[in-house]
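User: Please take a close look at one enclosed space inside this protein, the second largest cavity, and then set it beside the other spaces and the cores of the model. I am a first-year student, so please take me through it step by step.

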Amino acid sequence: MLYINDLVKNYGSFTAVNHLSLHIPEGDLFGFVGPNGAGKTTTIRIVCGLLKASGGSVRIGGTEGTVGSKKMKRLIGYVPDFFGVYSNLKVREYMDMYGSMYGMYSRDIAKLTDDLLELVNLSDKKEFYVDTLSRGMKQRLCVARALLHNPKLLILDEPSSGLDPRARVEMKELLKNLHSMGKTIVISSHILSELSEMCNSIGIMNHGQLITAGRIEDIMQQISGGSRIHIHIVSDMEPAVRILKEQAQVTVESVRENELIITHGGTEEQICNLIGYLIQNHVILTDFHREEGNLESLFMQLTGGAE
C-alpha cells in the first residue's frame, strides 16, 4: 500500500530523515514510534505532501504521482497532532466545507456525513457548533473529516495526545473498528501500550533512521533469539527439563516449583510439536503460553532509552 524508498529530508547540515525505506502492506494498522526528534512527524508530513523531501520517493498502492499533488493527496486522509477546526461552524457545516474542497456533490456529502458521524459516535452532535465539543469529540470529528473522501490510507499523528482516559479508549476502539473494515492506517504515538494493543506491525525510528519494522512478535523474536514460553507442569519436573535440554533450539531459562520458562528459536509449528512431544512422554501440562512482546522494553532496547 505505502512504499517509501530512500527518503531523505535535510535542513541545512541537519538530516531529519536519513535514507528511510519502508513498505506498509494494504490493511495494516501500523504504529510509528521513536523518541522526540526521531523523524516520525517529518516523514508523515512528506508522505502527506506538506513537506518537500530532499530525496527519495513515495508511492501509494499502484498510483504513481508527485508527492503533494492533488492526485496523491486524494489517496490520503490525514489527522495532524495539532488539528484545526472552525469554531464558528456547526459539525454538519464543517463536514460540508471539507467535502466541497474535494469537489463532492452536496447529496453525497450529506449521506457520507450521516454515516461517518455515526461511525465516530457523533450523530447527536450534527447541529452542534464545533467549539462546544470536547477535545475527544473534536479529534473524532477530524477522523470523520479525514475519511470523507474515502482515502486509501489514513494517517494519524499522535491521535491520543491530550485526551483523557475515556477519550483515549474511544479513539482506540474507533481505530480498531476502522482496521477491521479493511482500512490501512498509520499511527504515530508515544503511548506505546496503546500501540501494542492496536497495531499488527510497527516501525521504530531513531536519529532519522528506521531501526526496524515488522510485526512486534517477529521483532521480539529476532532480538531475544526466540519465543519466550511459560510451561506449567504438575508431574515430575525432572523428565521435562531433561527432554527440553535435549532439544537443539530450546534454552531452559528458569525452573520453578510448577513452571518452566524456556526460549524456543523455532517456528510456531515446531513449538507446537515440542509441546506434543512432552505430552507423549507423559509430562502432564496444565498450561503453556508465549510471553507477549513488550513494546516498551523493545523500544528502550533499540533506542538506548533515548529521549
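Analyst: By class, the residues that line the second largest cavity divide into six nonpolar, two polar and three charged ones. The volume of this second largest cavity comes to about 50 Å³, in a model that is predicted. Its lining consists of P159, S160, R168, M171, K172, L175, I187, S189, E194, L195 and M198. Two elements, α6 (165-180) and α7 (192-198), each give two or more residues to that lining, and α6 gives the most, with four residues.

One lining residue also leads to another part of the structure. I187, which lines the second largest cavity, belongs to the largest nonpolar core, where L141, V143, L156, L178 and I187 touch the most other members out of 41 residues. Helix α5 (residues 135-147) contributes the most to this core, namely six residues. For L141, leaving aside residues up to four places away in sequence, the residues touched are V91, Y94, M95, L117, L122, V130 and L133. There is also a second, separate core of 25 residues, which includes M1, L7, L153 and I155.

The other enclosed space can now be set beside the first. The structure holds two cavities of 30 Å³ or more, and the largest has a volume of about 60 Å³. Its lining is made up of L2, I4, L22, I24, F30, F32, T43, I44, V47, I155 and V186. The elements β1 (2-11), β2, β3 (29-33) and α1 (40-47) each supply two or more of the residues that line the largest cavity, with the largest share, three residues, coming from α1. By class, this lining has 10 nonpolar residues, one polar residue and no charged residues, whereas the lining of the second largest cavity includes three charged residues. I155 is found in the lining of the largest cavity, and I155 is also among the members of the second core.

A pocket, in contrast to these cavities, is an open space. The largest pocket holds about 470 Å³ of space and is lined by 15 residues, of which C48, K73, I76, Y78 and Y102 lie nearest its centre. At least two lining residues come from each of α2 (70-73), β5 (76-79), α3 (91-101) and α5, and β5 provides the largest share, three residues. Nine residues of the pocket lining are nonpolar, two are polar and four are charged. Helix α5 therefore appears in two places, as a contributor to the pocket lining and as the element that gives the most to the largest core.

Finally, these parts belong to a protein with 11 helices and 13 strands, whose C-alpha trace spans about 75 × 50 × 35 Å along its principal axes. Of the 307 residues in the protein, 45% are buried. Among contacts between residues at least 6 apart in sequence, 68% join residues at least 24 apart. As for the confidence of the prediction, the protein averages a pLDDT of 86, and 91% of the residues score at least 70. Among the elements, strand β2 (residues 14-24) has the highest mean pLDDT, 95, while helix α11 (residues 295-303) has the lowest, 68.

How values were computed. Residues numbered from 1 in each chain as written. Predicted model: local features only at pLDDT ≥ 70, side-chain atom pairs only at ≥ 80, totals over all residues. Heavy atoms only, no water. Core = buried A, V, L, I, M, F, W, Y, C linked by side-chain atoms within 4.5 Å. Buried < 20%, exposed > 50% of the residue type's maximum accessible area, 1.4 Å probe, protein only. Contact = heavy atoms within 4.5 Å. pLDDT = per-residue confidence, 0-100. 1 Å grid on protein atoms, 1.4 Å probe; cavity = no way out; pocket = protein on both sides within 12 Å on 5 of 7 lines; lining within 4 Å. Points joined across faces, edges and corners; volume = space filled by probe spheres on them. Nonpolar A, V, L, I, M, F, W, Y, C, P; charged D, E, K, R; others polar.
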